[in-house]
Amino acid sequence: MISERFDFPSADGHRLAARLERPDGPARAAALFAHCFTCGKDNLATARIARRLTDAGIATLRFDFTGLGASEGDFANTGFSSNIADLVAAADAMAARDLPPLLLIGHSLGGAAVIAAAARIRWARAVATINAPANADHALHQFGDHIEMIESTGEAEVQLGGRPFTIRRSFVEDVRAVRLAHDVAALGRALLILHAPTDRTVGIDNAAQLYQAARHPKSFVALTGADHLLTGPGDAFYAADVIAAWAGRYL
């Protein structure tokens, strides 16, 4: 496996930090990975899945959304729409390197983002989600009582994963405007939904809603025993193995 830095510009001109993992030889195809909300490209599950897919011959790009990790920009000025724009910019950068992403993968809110972005990424043939919400505004549940302050004062500092983030009213309005059920129904690509039945952050009912809204070809696989972030031994590798095997039919 070859791992290399792969920075690229966002639509707003920010440098987005990325890492491309590819086989030591011709790749079967290329995939683009969207990390979970506020996680980053070096999140444990993200890195493990990318490397496992590469072992299966699928070159995989993982990157930090604007304002996160090593990427430039102010997170407070971002939202779901900017995440979609970042994914499109990443896909364009991959295509410019003769690695157009045929497979889109998203974890948690990243799963919702790849569903919404698929219509703007013409190379995409298949989409896989991991513990994804059925509605983008599910992310607001993490803000707790801060929602009222955000809506009344315009912003608030929220602790997410033990780190402080400034969340603005524009983010709340942005995710509430998303109509993911429509995007899923109009996806026009093969869809794989992976979800842990015991996920306490995004309940399994979200997977049911996505599956019911989607059209065939669609598949569901239970990540039995896994938590939301796939921190258990082997959970991320299992998810990657399932994705690689399933995607082979479409890549």
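**View 1. G25, a partly exposed glycine in a loop of the predicted model.** G25 has a relative accessibility of 39%, so it falls in the partly exposed class. This residue sits in the loop that connects β4 (18–22) with β5 (29–34). G57 lies 32 residues away from G25 in sequence. In space, the C-alpha atoms of G25 and G57 are 8.7 Å apart.

**View 2. The disulfide between C36 and C39.** The S to S distance is 1.8 Å. The count for the model comes to one disulfide. Torsion about the S-S bond of C36 and C39 is about -100°, so the disulfide is left-handed.

**View 3. Burial at the two cysteines, C36 and C39.** C36 is buried, at 1% relative accessibility. C39 is partly exposed, with a relative accessible area of 26%. The cut-off matters here: buried means under 20%. C36 therefore counts as buried at 1%.

**View 4. The whole fold, for orientation.** The protein contains eight helices and twelve strands. Its radius of gyration is 17 Å, close to the 18 Å given by the globule rule for 251 residues, so the protein is as compact as a globular protein of that length. The C-alpha trace spans about 55 × 40 × 35 Å along its principal axes. Of contacts between residues at least 6 apart in sequence, 67% join residues at least 24 apart.

**View 5. Surface and charge of the protein.** Buried residues account for 56% of the 251 residues. The protein exposes about 10600 Å², and carbon and sulfur atoms supply 48% of that area. There are 24 positive and 27 negative charges, and their mean positions are 7 Å apart.

Methods: Residues are numbered from 1 along each chain as its sequence is written. This is a predicted model: local features need pLDDT of at least 70, side-chain atom pairs count only at pLDDT 80 or more; totals for chains, interfaces and linings use all residues. Side-chain values use heavy atoms; hydrogens and water are left out. Helices (H or I, at least four residues) and strands (E, at least two) are DSSP runs, numbered from the N terminus. Buried means under 20% relative accessible area, exposed over 50%, partly exposed in between (1.4 Å probe, protein chains only). A disulfide is a pair of cysteine sulfur atoms within 2.5 Å. The radius of gyration is taken over C-alpha atoms; the globule rule is 2.2 Å times the number of residues to the power 0.38. Contact means heavy atoms within 4.5 Å. Accessible areas come from the Shrake-Rupley method with a 1.4 Å probe; for residues, only the protein chains shown count as cover. Lys and Arg count as positive and Asp and Glu as negative; His and the chain ends are not counted. The place of a charge is taken as NZ of Lys, CZ of Arg, CG of Asp or CD of Glu.
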